[in-house]
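Me: Please take a close look at the charged side-chain pairs in this model. I want to know where each partner sits, how covered it is, and what surrounds it.

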Amino acid sequence: MTGLMTQPPVTAATSIIGRSWPIAEPDALSEIESRAAHVPDIKTAFGPRERWSAMKPAALGIARANRRRTVVPFYTLDQDIRLPGGKLLYAKGYSFNPLAFVSLPQRLIVVHPSDLTWALRTARSADFILLAAGGLSQAGDTDADVITLGERHGRALFLLEERVKARLGLTVAPAIVAQAGQKLVLTEVVIPPSQRSVAR
């Protein structure tokens, strides 16, 4: 038994069966780094972010009264929807309520930058915060764009787009949009001056 324990380890011989070739593809990480080195600097190519048209949110007025209303976000097809074989599935002009088929688990908190502090306190972790143009302290609000503000506060922030504003019938902010069955409830909120401050 002692002899077995003192024997040198046994190794199996390895062999190659069939032909082999060196790897021809370039290393993936090296290729990504090489291509990234040739991407132009965004600031040089497009200028500062505050001048980008994509960074311009839709404008809203300021809520002057607490108000609640409902919206049914009907959608009307602007073209025919056909199956791969060409058979018509839904004709252009067909209207439906998307909320009959999907749910919106998070709320939309729509605010001006001057009300961002309030929005950050009010929003749940899954809610989306959308920033609108307008509001009270425009001069103080323009020093930071939505990306910078999001980085500062450790939370993703979004811009209110014109099509979302129109679709929801938004006219003022702050507003909280939440689903209730097959409709959306829009709650417009007046923020007391003591709670209004520019989030930087």
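**A charged pair and its surroundings**

Reply: The side chains of Arg107 and Asp127 form a salt bridge, with 2.8 Å from N to O. This pair joins distant parts of the chain, 20 residues apart: Arg107 is in the loop between strand S6 (95–96) and S7, and Asp127 is in the loop between helix H4 (116–122) and S8. The model is a predicted one, so the distances and areas here are computed from predicted coordinates.

Are these two partners buried or exposed? Arg107 has a relative accessible area of 13%, which is under the 20% cut-off, so this arginine counts as buried. Asp127 is buried as well, at 5%. As a general point, side chains of opposite charge can pair when their charged atoms come close.

The loops that hold the pair lead into a sheet, as Arg107 comes before S7 and Asp127 before S8. Strand S7 (residues 108–111) pairs with strand S11 (residues 175–180) through three bridges, in the antiparallel sense. Within that pairing, Val110 has Ala175 of S11 as its bridge partner. In general, strands of a sheet are held through backbone hydrogen bonds, parallel or antiparallel.

The whole sheet is open and has six strands, ordered S2-S12-S11-S7-S8-S9, with mixed pairing. Its edges are strand S2 (67–71) and strand S9 (157–159), each of which pairs on one side only. On average, neighbouring strands of the sheet are turned by 25 degrees against each other, direction ignored. Helix H6 (residues 146–153) packs on this sheet, where it touches strand S8 (128–131) and S9, and its direction makes about 165 degrees with that of S9.

Which residues of H6 are buried? They are Val146, Thr148, Leu149 and Gly150. Their cover includes H4, S8 and S9. H4 and S8 are also the elements on either side of the loop that carries Asp127. After H6 comes Gly154, with a positive phi near 65 degrees.

The count of salt bridges in the protein comes to six. Another of them is between the side chains of Arg67 and Glu188, at 3.0 Å from N to O. These partners also belong to distant parts of the chain, 121 residues apart, with Arg67 in strand S2 and Glu188 in strand S12 (residues 183–188). S2 and S12 stand next to each other in the strand order of the sheet. The two ends of this bridge are not covered alike: Arg67 is partly exposed at 41% relative accessibility, while Glu188 is buried at 6%.

A further salt bridge brings together the side chains of Arg163 and Glu161, at 2.8 Å from N to O. Arg163 has 61% relative accessibility, which is over the 50% cut-off, and therefore counts as exposed. Glu161 is partly exposed, with a relative accessible area of 38%. Elsewhere, bridges that share partners join Arg67, Arg69 and Glu188 into one network.

For contrast, here is a nonpolar part of the surface. Ile81, Leu83, Leu89, Tyr90 and Tyr94 make a nonpolar patch of about 420 Å². Ile81 is in strand S4 and is partly exposed, with a relative accessible area of 30%. Apart from its neighbours within four places in sequence, Ile81 contacts Lys87, Leu88, Leu89 and Tyr90. Of these contacts, Leu89 and Tyr90 are also members of the patch. The C-alpha atom of Ile81 is separated by 6.3 Å from that of Ala91, which is 10 residues away along the chain. Leu83 is in the loop between strand S4 (81–82) and strand S5 (88–90); this leucine is partly exposed, at 39% relative accessible area.

As background, the protein contains seven helices and 12 strands. Of its 200 residues, 30% are buried, a group that includes Arg107, Asp127 and Glu188. The protein exposes about 13900 Å², of which carbon and sulfur atoms supply 59%. Among contacts between residues at least 6 apart in sequence, 62% join residues at least 24 apart.

Methods
Residues numbered from 1 in each chain as written. Predicted model: local features only at pLDDT ≥ 70, side-chain atom pairs only at ≥ 80, totals over all residues. Heavy atoms only, no water. Pairing = 2+ DSSP bridges. Helix = DSSP H or I, 4+ residues; strand = E, 2+ residues; numbered from the N terminus. Axes fitted to C-alpha atoms, helices over the stretch in contact; angles between N-to-C directions. Contact = heavy atoms within 4.5 Å. Patch = residues over 30% accessible without salt bridge, like charges linked within 9 Å, V, L, I, M, F, W, Y side chains within 5 Å. Areas by Shrake-Rupley, 256 points an atom, 1.4 Å probe, with all protein chains shown as cover. Salt bridge = Lys/Arg side-chain N within 4 Å of Asp/Glu carboxyl O. Buried < 20%, exposed > 50% of the residue type's maximum accessible area, 1.4 Å probe, protein only.
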